[in-house]
Amino acid sequence: MTPLLEVRGLTIRFGGLVAVCEVDLALNPSEVLCIIGPNGAGKSTLFNMISGIYRPSAGTVHLDGRDITGWPAHRIAAAGIARTFQSSRLFNDLTLIDNVVIGMHSRTKSGVLDALLRPGKARAELEAAAEKAGELIRAISPDLHARRNTLAGALPQADRRRLEIARALASDARVIMLDEPSSGMDDRDTDALMADVRRVMAERPGLSFLIIEHDMRLVAALPDRVAVIDYGRKIAEGDFADVRLMPRVQEAYLGQKAAEHA
Amino acid sequence: MADTAQATSALVRRNGPSADLAIVAGVELGSAILLWSFLLSDRTAVIVALLALMGGIFAALQLRPALEERIVAAFHDRKRFATLLGAVIVLIYPFFLQGSGYAFHLLIVSMLYAVLALALNFQLGSANIPNFATGASYGIGAYTSALLALNFGVSFWLTLPVAAVVATAFGFLLGFPSMRTKESYLALVTIAFGIVVHQLLNNFDWTGGPNGLVGIPAPELFGHSFARPIEAFGFRLPSQANFYYLSAALVGLSIVCAKRLHESRVGLAWNALRADPLAARCQGIDVVWFKMLAFGVDAFLAAFAGTIYAFYVSYISPDNFTFLVSVTIMTMVIVGGMDNTLGVIIGAFFLTMLPEKLRIFSDYRLLFVGVVVILFLILRPQGLFPQRARNYGEHR
């Protein structure tokens with residue numbers, strides 16, 4: 001089976017600093033892969049390269065067999081990779097509905113001339129998008145749906161993350177990358193998050209998730225596989241139950257001395 | 001927020017559809033009368049009293065958000081009536097101006113500035129692109145049409161679209177280098193562009209240099225020259241009335257464009273890159289393209305205003321299109337309310353007329369304009385009419 005997303009030898013240098021070094025990853029259709037590692041290990045940098053915000057110094061990214069290395073971020077988004085951000089980046093001065101409708105940007109078409117000369121058509125397209133956005137928000141959380149016409153800037157942290165996921169789903173992406181989705185969430189929110197990911201995957205066959213996460217409860221329960229990154233290199237990959245026992249992984253998290261005692 | 005919504009719906013329930021009509025008619029007629037008295041009075045005491053009245057109205061709106069919501073709801077439900085009444089008021093307004101050429105002139109200039117402010121609003125308001133070159137696009141439009149009319153005898157109606165296309169091309173040209181910069185640096189690039197255009201107009205021979213272009217012929221429509229007064233129903237309107245109606249039509253067109261773009265995928269994309277350009281890119285928005293589009297649309301509308309201005313005053317010089325003009329337009333957008341069509345128009349009217357009406361203070365005029373603007377911004381920190389959220393699913 002060809003992987004849906006394949007990362008080979010991905011490397012980025014900032015001046016003399018090698019932030020990510022020759023990382024290989026493969027994400028299969030309908031799979032959840034968690035990326036773990038200490039702070040500053042290069043996990044978010046890896047996401048930024050895959051989503052086109054940074055241009056890799058070396059290595060390749062393939063989506064469904066197509067080489068998307070070095071594409072601009074908006075084309076990568078249109079090709080089917082959606083993402084959320086560690087410090088959730090919503091459009092704060094727009095309503096929840098608007099936020100999710102913007103997520104459908106690459107699935108809608110109207111340009112300036114359509115808007116000016118065929119307003120009916122442009123409006124109908126946007127109304128349809130708004131309706132779909134409402135459904136997406138309702139599926140994620142009825143509470144959010146009730147607040148769909150309020151501004152995103154007023155949402156509490158957990159809801160911001162939920163809305164970001166709804167926005168990522170809106171693009172009909174094939175791969176969704178979540179950067180620390182559970183940060184700022186309590187246990188109940190995290191459970192709801194996991195339930196959301198499972199439900200969404202059941203509804204959309206083939207959709208895969210790449211998740212950066214620190215909450216070990218989530219890492220133990222949700223993903224099919226786990227990859228560990230430390231100092232920009234992938235040091236382990238496999239089942240979480242196995243990976244957590246590897247000495248190198250314990251070293252990375254606890255330091256060498258502590259790992260010896262563990 | 002929820003409280004406001006409840007209060008509003010309670011209000012809506014309390015008074016029926018006829019109340020809506022009364023509110024719409026009251027607000028529109030009231031504004032028209034306010035503007036009329038402001039335009040025609042030259043006594044300082046009256047002007048100050050009117051400004052105080054306006055300040056009071058805005059303070060009331062700020063303190064009682066439900067009031068504002070109620071008015072907005074009434075206009076929303078009675079859109080057709082509001083538009084029709086507004087059009088009628090604009091149509092018959094000249095008949096109440098007592099033939100005052102000065103009042104006409106102020107109105108025409110205000111309307112042209114309203115168009116310029118609406119043009120800039122696509123950038124500054126929708127997409128947060130600080131473009132200080134709207135005055136340059138205005139000038140390019142004016143010069144293009146004036147040169148075509150003077151050198152080739154092209155009719156006004158043909159120069160309109162040509163000037164718009166030329167200015168749009170320049171807009172894209174400016175947009176291109178601007179894409180490599182953002183925020184303050186982007187502002188600097190546009191300032192440079194504005195100054196370059198001004199200097200070129202000043203130094204080329206074929207633009208008439210600092211003397212500008214003189215004797216731009218008045219437009220004609222169905223054999224009626226715009227230099228002649230309008231005579232209708234036994235009334236006689238001064239020749240400026242021609243340009244009054246022309247500018248009003250252009251304002252109408254600009255409002256339609258602004259509404260349509262705002263309520264479209266393009267407007268949303270602009271708003272997205274205003275809020276967070278990086279997140280916008282990750283939603284599939286081609287940030288470079290949409291910024292360029294904003295430059296293009298801004299230049300397109302500004303050129304229309306420039307063309308009408310050139311034919312109206314029949315004499316243009318580089319000094320009509322300085323950097324200061326761009327700054328004034330930007331102030332209009334900020335004072336009126338970013339990304340709010342009505343607010344931007346009011347901002348343009350307010351800031352065009354205020355300096356004229358405060359002439360009594362002669363040398364200190366601009367100081368007082370500044371004070372009044374600051375006072376209004378204290379009353380309404382987000383501009384006179386702040387941005388409003390979009391509505392979905394409420395159109396038939």
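Is B:Gln123 buried or exposed? At 0% relative accessibility, B:Gln123 counts as buried, and I would like to start from that residue and work outwards, keeping in mind throughout that what we are looking at is a predicted model.

B:Gln123 sits in helix α6 of chain B. If we set aside its neighbours within four places in sequence, B:Gln123 is in contact with B:Asn128, B:Ile129, B:Asn131, B:Ala294, B:Phe295 and B:Asp298. With one of these, B:Asn131, there is a polar contact between the two side chains, at 2.4 Å. There is also a long step in sequence to point out here, since B:Gln123 and B:Val297 are separated by 174 residues along the chain, while their C-alpha atoms are 8.7 Å apart in space.

One of the contacts of B:Gln123 is B:Asn128, and that residue deserves a word on its backbone. Most residues other than glycine have a negative phi. B:Asn128, which is not a glycine, has a positive phi of about 55 degrees, and its place is in the loop between α6 (101-127) and α7 (134-152) of chain B. A second case is B:Asp339, again a residue other than glycine, with a positive phi near 60 degrees; B:Asp339 is in the loop between α14 (323-336) and α15 (341-357) of chain B. As for their surroundings, B:Asn128 is partly exposed, with a relative accessible area of 44%, whereas B:Asp339 is buried, with a relative accessible area of 7%.

Let me now turn to where the two chains meet. The contact takes 34 residues from chain B and 35 residues from chain A, and the area buried between them is about 3,200 Å², with carbon and sulfur atoms giving 63% of that area. Which three residues supply more than any other three of the area that chain B buries against chain A? They are B:Arg265, B:Gln283 and B:Tyr392, which supply 25% of it.

Of these, B:Gln283 can be described more fully. B:Gln283 is found in the loop between α12 and α13 of chain B, and because its relative accessibility is 5%, B:Gln283 counts as buried. Apart from its neighbours within four places in sequence, B:Gln283 is in contact with A:Ala77, A:Phe91, A:Ile102, A:Gly103, A:His105, A:Ser106 and A:Arg167.

On the polar side of this contact, the count between chain B and chain A is eight residue pairs in polar contact, with both residues at pLDDT 80 or more, and the count of salt bridges between these chains is three. A:Arg89 forms a salt bridge with B:Asp276, with the closest N and O atoms 2.8 Å apart. As to which elements are involved, α10 (240-262), α11 (265-275), α12 (277-282) and α13 (287-313) of chain B each supply at least two residues of the side that touches chain A, and α11(B) gives the most, with eight residues.

Salt bridges also occur within chain A, and the search of the whole structure finds 24 over all chains. A:Asp191 and A:Arg217 form one of them, their closest N and O atoms being 3.2 Å apart. A:Asp191 lies in helix α8 (residues 187-203) of chain A and A:Arg217 in helix α9 (residues 216-221) of chain A, so this pair ties together parts that are 26 residues apart in sequence. A:Asp191 counts as partly exposed at 37% relative accessibility, and A:Arg217 counts as partly exposed at 36%.

Elsewhere in chain A, the side chains of A:Glu237 and A:Arg225 meet in a salt bridge at 2.3 Å, N to O. This pair links A:Glu237 in strand β10 (residues 233-238) with A:Arg225 in strand β9 (residues 225-230), 12 residues apart. A:Glu237 also meets A:Lys234 in a salt bridge, at 2.4 Å, N to O, and a network of salt bridges links A:Glu31, A:Arg225, A:Lys234 and A:Glu237. Within that network, A:Arg225 is buried, with a relative accessible area of 19%, while A:Glu237 is partly exposed at 27% and A:Lys234 counts as partly exposed at 29%.

Finally, I come back to chain B and its surface, where B:Leu29, B:Ile33, B:Trp36, B:Leu84, B:Val88, B:Leu91, B:Ile92 and B:Phe96 form a nonpolar patch with about 760 Å² of accessible area together. The elements giving two or more residues to this patch are α2 (17-40) and α5 (79-92) of chain B, and the largest share, four residues, comes from α5(B). B:Leu84 lies in that helix, α5 of chain B, and counts as exposed because its relative accessibility is 58%.

Conventions
Residues are numbered from 1 along each chain as its sequence is written. Chains are lettered from A and ligands numbered from 1 in the order in which they are written. This is a predicted model: local features need pLDDT of at least 70, side-chain atom pairs count only at pLDDT 80 or more; totals for chains, interfaces and linings use all residues. Side-chain values use heavy atoms; hydrogens and water are left out. Patches are made of residues with over 30% relative accessible area and no salt bridge: like charges are joined within 9 Å, nonpolar side chains (Val, Leu, Ile, Met, Phe, Trp, Tyr) within 5 Å. Accessible areas come from the Shrake-Rupley method with a 1.4 Å probe; for residues, only the protein chains shown count as cover. A salt bridge is a side-chain nitrogen of Lys or Arg within 4 Å of a carboxyl oxygen of Asp or Glu. Buried means under 20% relative accessible area, exposed over 50%, partly exposed in between (1.4 Å probe, protein chains only). Contact means heavy atoms within 4.5 Å. Buried area is the accessible area (1.4 Å probe) that two parts lose on being put together, summed over both. A polar contact is a pair of N or O atoms within 3.5 Å; within protein, one must be able to donate a hydrogen and the other to accept it, and residues adjacent in sequence count only if both atoms are side-chain atoms.
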